[in-house]
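Please find below a colleague's note on the aromatic side chains of this structure, set out as numbered points.

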Amino acid sequence: MSLRNRRSSIVTYILFVLLDCYWKSVFGQLSYSVSEEVNPGTSVGNIAKDLNLNVQDLESRMFQVVAGSKGKYFEVNLKTGVLYVNERIDREELCAKAPKCTVNVEAVINDPLKLYRLEINILDVNDNYPSFSAKSQSIDIAESTLPGTTFLVLSAFDADVGKNCINTYKLNPNEHFSLAMHKGERVSAELVLQKSLDREKQPVIKLTLTAVDGGTPPKSGTSEIIVHVLDNNDNTPVFTQSLYKTSITENAPLGTTVLTLTAADADEGPNKEISYSLSTKDQDHVLELFKIDQETGALTVIGKIDYEEHPAFEIRVQASDKGTPPMAAQCKVLVEVVDLNDNAPVITVTSLLNTLKEDAKVGTAIALVSVLDRDGGENGVVNCNVKNNVPFKLETNYKNYYSLVVDGPLDRESVSQYNVTITAEDEGSPTLRSTSDITIRVSDVNDNAPHFSEHMINVYVKENSPVGAIIKTVSAVDADVDQNGHVAYSFLDSNSNSLPLSTMVNINSETGDIVSLQSFNYEELKTFQFKVQAVDSGVPPLSSNVTVNVFILDENDNSPGILAPYSEHGSVNSENIPYSAEAGYFVAKIRAVDADSGYNALLSYHISEPKGTNLFRIGTSTGEIRTKRRMSDNDLKTHPLVVLVSDNGEASLSATVSIDVVVAESTGDTQTQFRHVTIKEESFSDLNLYLLIAIVSVSVIFLLSLISLIAVRCHRTDGSFNRYGAPMITTHPDGSWSYSKATQQYDVCFSSDTLKSDVVVFPAPFPPVDAELISINEGDTFNRTQTLPNKEKVRT
């Protein structure tokens, strides 16, 4: 280890000692001692016992030792709670010549967070030998030098401290010289002339200087002193002062004059001429930074003066005359270096957590921060804070030691990573500052439930759709990530449906696809409802629900059915009319029903055979067959008719019925037929009961509609009324009425023949459609407009 590095370590130690004076404990402190150079694994102390901690909790509470910027010399056994040496400790490397060597570390434990300061004293052992910077040294002494004169000799260096450093010097026995010991901060020695020298007898004298330390056992080092005896030069130079004191600012420009020294010699001639020089003994660092002018004695700067490396210098200057032999004198120059604020603070960050959970509580410690400024005085006073606007702050543990803690709520979904900038600035002039950036990653916790975009979903499915078809895909979004954001779908138990839900639909737990398990029949099931639950995979799991309404849309899958007394195609029915029948004479009424709904159940009647008959016509909406004109002698006696009954679906389905219309010559035959009809009508069947109920219902609806219309017109203006759409009643040439409003429509058909009157009511299809109107014109054709719901695409 070089002398320069040793002195730098001493300065660093002194700074830490000054910081230690202001230290304040946070939760507690402990002090231990351990010798240097002990084997790794050596026990220092039971830290768990000393801190009253349960050994079983050390691992679960993440107990750890944080060493800061120094090496990690100590570690804790989490099983036993014993603090032990982790790696080789060299006190001289850590603290150089500092009388006390201390390693400060922090112990951290979580749940709750506590910080402990550990002060570990490193005890010195005598593991270093005293050594001299040179194995031999030379001294020139005139033979006329008087006894009692002292001469400087090299001092030895011992890296150990205390009693293990140099304790004494010894000189081998001789008749001319002895040693004078000087004990202060360190022991030094001077060579003292005891007996006059005689160059003619002994021109060279060799001595052995031994430095001995105070260790047990003691260690020693030697250096050879070679004394050259010179001829006479009567007077030695004399400095005006034996000790000079001055100061210089650090970073002084090269060539700056520190001091000018002056010495005088009482001799004459060459013996009076003086040459100045810097002593080469133990002054390697001085010779690198200063030089002295041989003629003028001006001491100038030739290197960088750094207060942090050398706060002061002790310079030995020698003045020698040019006599033969030359005579020399020595003096000391003490130079104090004035500190400048030329060192920015150094920030050291030790992370305690790799990632920070977003539900971390306020006050949770994330990292330990230490700040060091090598300058002294106000130049070394540092203020530290968090620069940017983040939910973190610095809490002071003790002087220039901080904890970076959580200072507000965290939300990973909003900010998943923080870049925290820590700024440290000193109080020097000008102010110096430094920054350190810390990246803090926020880890996810399951704090967001899956979210559906709608609270209720309507699904429209056509009846007879294939089994296995996807009728709807539900999707929920979870703002969390990984398992916390993985969503699974399922049905919630529901008893509101007529059929078990498991027999109707199934859901893919991964994709949310809802699949039909059967082909739906509108005539049996018009709508059903269920709830879908989305559950994430977090701990604990979070969920949300959505209600799904499934509406079955009617398809035209049922053909019209002919009602009694007529049968469908395949058998022939007959009706008699008198020859004298006038135009418009009632022949028969074909009645049919369709199991479908809406327009799929709206029936129309047509005579398909014979084509273009000019004798009979049929009401397209009523099914009543009447004569177009009177009979003539050219007309046939029997007229076979085929009536086609068609629904209004897409594509249209139909049924046919055959009727033979027989023209009777006599009135008696016709009466018989009428009597037959009367008998049929008098038999009050279930169908007639239904028709009667329908007639009464429509009449009531009609009357209520008229009353509502009058009430609305009395209380609303025309403009507001038109906004809601007034009901519309249309009369058709064949005697039927159409009743229509925005959400429903009824066609009420009455026959002019009271004997065979009938009513057919057509409700609007489900689900509701836009306003529509069905009217029958004189040509017995249908005009229809229908708009299906546009809120949801129909699933086929």
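The points below take up the ring pairs, their burial and one charge placed over a ring.

1. The model is a predicted one, and the count of aromatic pairs in it comes to eight. One of these pairs is formed by Y460 and F551, whose ring centres are 5.3 Å apart and whose planes meet at 25°; since planes under 30 degrees apart count as stacked, this pair is classed as stacked.

2. The Y460 and F551 pair links distant parts of the chain, with Y460 in strand β35 (residues 456–462) and F551 in strand β42 (residues 543–553), 91 residues apart. Y460 counts as buried because its relative accessibility is 6%, and F551, at 15% relative accessibility, counts as buried too.

3. The rings of F491 and F530 have their centres 5.0 Å apart, and with their planes at 75° the pair is edge-to-face. F491 belongs to strand β38 (residues 487–491) and F530 to strand β41 (residues 527–536), so that the pair ties together parts lying 39 residues apart in sequence.

4. Are the two partners of this pair buried or partly exposed? F491, with a relative accessible area of 21%, is partly exposed, because the limit for buried is under 20%, whereas F530 is buried, with a relative accessible area of 1%.

5. The rings of F491 and F530 also belong to one aromatic cluster, which they form together with F520 and F528.

6. A charge placed over a ring should be noted as well: K526 lies over the face of Y522, at 4.8 Å from the ring centre.

Methods
Residues numbered from 1 in each chain as written. Predicted model: local features only at pLDDT ≥ 70, side-chain atom pairs only at ≥ 80, totals over all residues. Heavy atoms only, no water. Phe/Tyr/Trp six-rings, centres within 6.5 Å; stacked < 30°, edge-to-face > 60°. Helix = DSSP H or I, 4+ residues; strand = E, 2+ residues; numbered from the N terminus. Buried < 20%, exposed > 50% of the residue type's maximum accessible area, 1.4 Å probe, protein only. Lys NZ or Arg CZ within 6 Å of the ring centre and 35° of its normal.
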